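Student: Could you take one part of this model and look at it closely, from its surroundings down to its individual residues? I would like a connected account rather than a list.

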Amino acid sequence: MENEIFTPLLEQFMTSPLVTWVKTFGPLAAGNGTNLDEYVALVDGVFLNQVMLQMVNSVSDDVLIFTLEFSNWKRLPPPVEKMISARANSSWALQQHMACVPCLTHLCRLEIWASLKAEQLRSNSFIHQLPLPRSLRSYLLYEEVLRMNEIPEPAAVDDVETSEAPDSSIVSAV
């Protein structure tokens, strides 16, 4: 009975776009492994750790530092922090970035973003609707990070109307 339910679900999962993409980094199991062999190799974390290492090592320092700007790099999962620290040993710019403690305003920005619902994250218009000074909305939208990395800013949406008003708990958190 259990296999009758598990096998179709396993087959569906192993052919999903995410697993198909992960498989592009290399085979999950040696030889002609079954779906179960590949699944076990996927969920034990060893293969995904290798994929993460490959990804971290395949980008330039500038791209890695830019990506870290959207996180609290002092609170990365230990395996990710270990990979980035190993990479930082050969990069002065990355060493300097990792040595810095994120400023309080950046940590507040991360907390505000973490409190948003998924549908609010799909568009910057939600942030533009918050009853905040333009400079604070710009900061929440990482405009200074975009400018520093010479990435064009999205068009301003100051007067956009949406069906959902900003949540008062988010406004009070700001």
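Tutor: A residue is called buried when its relative accessible area is under 20%, exposed when this area is over 50%, and partly exposed in between. With that scale in hand, we can turn to the part I have chosen, helix α7 (residues 92-99), together with its neighbours. Please keep in mind throughout that this is a predicted model.

First, the setting. The protein has 174 residues, of which buried residues make up 31%. Its secondary structure consists of 13 helices and zero strands, so that reading along the sequence gives the pattern α-α-α-α-α-α-α-α-α-α-α-α-α. Among the contacts with a separation of 6 or more, 67% join residues that are 24 or more positions apart. One pair with a separation of 24 residues along the chain is E11 and N35, whose C-alpha atoms are separated by 6.8 Å. E11 belongs to helix α1 (residues 2-14), and its relative accessible area of 42% makes this residue partly exposed.

Now to α7 itself, where the residues L94, H97 and M98 are buried. These residues cover an arc of only 95 degrees around the axis, and therefore they lie on the same side of α7. W92 and A99, which are exposed, are found on the other side of the helix. What, then, covers the buried residues of α7? The cover includes two helices, α5 (61-68) and α6 (78-88).

Take α5 to begin with. Two packed helices are described by the angle between their axes and the distance between the axes. For α5 and α7 the angle is about 15 degrees, and the axes are 9 Å apart. Because of this angle, α5 counts as roughly parallel to α7, the limit for that description being an angle under 35 degrees. The contact is formed by D61, L64, I65 and L68 on the α5 side and by A93, L94, H97 and M98 on the α7 side. The buried residues L94, H97 and M98 thus appear again among the α7 residues that meet α5. As for handedness, α5 and α7 cross in a left-handed sense.

The other named helix, α6, can be followed through one of its residues, R87. Is R87 buried or exposed? Its relative accessible area is 12%, and for this reason R87 counts as buried. Leaving aside residues up to four places away in sequence, R87 touches V56, N57, V59, S60, D61, L64 and L94. This list includes L94, one of the buried residues of α7, and it also includes D61 and L64, which take part in the contact that α5 makes with α7.

R87 also leads on to helix α4 (residues 46-58), whose axis comes within 10 Å of that of α6, with a crossing at roughly 35 degrees. The crossing of α4 and α6 is right-handed, whereas that of α5 and α7 is left-handed. On α4 the residues in contact are N49, M52, L53, V56 and N57, and on α6 they are P79, V80, M83, I84 and R87. R87 is accordingly one of the residues through which α6 meets α4, and R87 touches L94 as well.

Moving past the end of α7 along the chain, we can ask about the cysteines. A disulfide is a covalent bond between the sulfur atoms of two cysteines. With a cut-off of 2.5 Å between cysteine sulfur atoms, the count comes to zero disulfides. For C100, the nearest cysteine sulfur is that of C103, 10.0 Å away, and C100 is in no disulfide. C100 has a relative accessibility of 42% and so counts as partly exposed. C108 is likewise in no disulfide, the nearest cysteine sulfur, again that of C103, being 8.7 Å away. With a relative accessible area of 39%, C108 is partly exposed.

Two backbone details elsewhere in the model complete the account. Y142 is not a glycine, yet it has a positive phi of about 60 degrees; Y142 sits in the loop between α11 (134-140) and α12 (143-148). The relative accessibility of Y142 is 6%, so this residue counts as buried. E150, also not a glycine, has a positive phi of about 55 degrees and lies in the loop between α12 and α13 (168-173). In this case the relative accessibility is 73%, and E150 therefore counts as exposed.

Technical notes: Residues numbered from 1 in each chain as written. Predicted model: local features only at pLDDT ≥ 70, side-chain atom pairs only at ≥ 80, totals over all residues. Heavy atoms only, no water. Buried < 20%, exposed > 50% of the residue type's maximum accessible area, 1.4 Å probe, protein only. Helix = DSSP H or I, 4+ residues; strand = E, 2+ residues; numbered from the N terminus. Arc of directions from axis to C-beta. Contact = heavy atoms within 4.5 Å. Axes fitted to C-alpha atoms, helices over the stretch in contact; angles between N-to-C directions. Parallel < 35°, antiparallel > 145°, perpendicular 65-115°, else oblique. Left-handed = near helix turned anticlockwise from the far one by under 90°.
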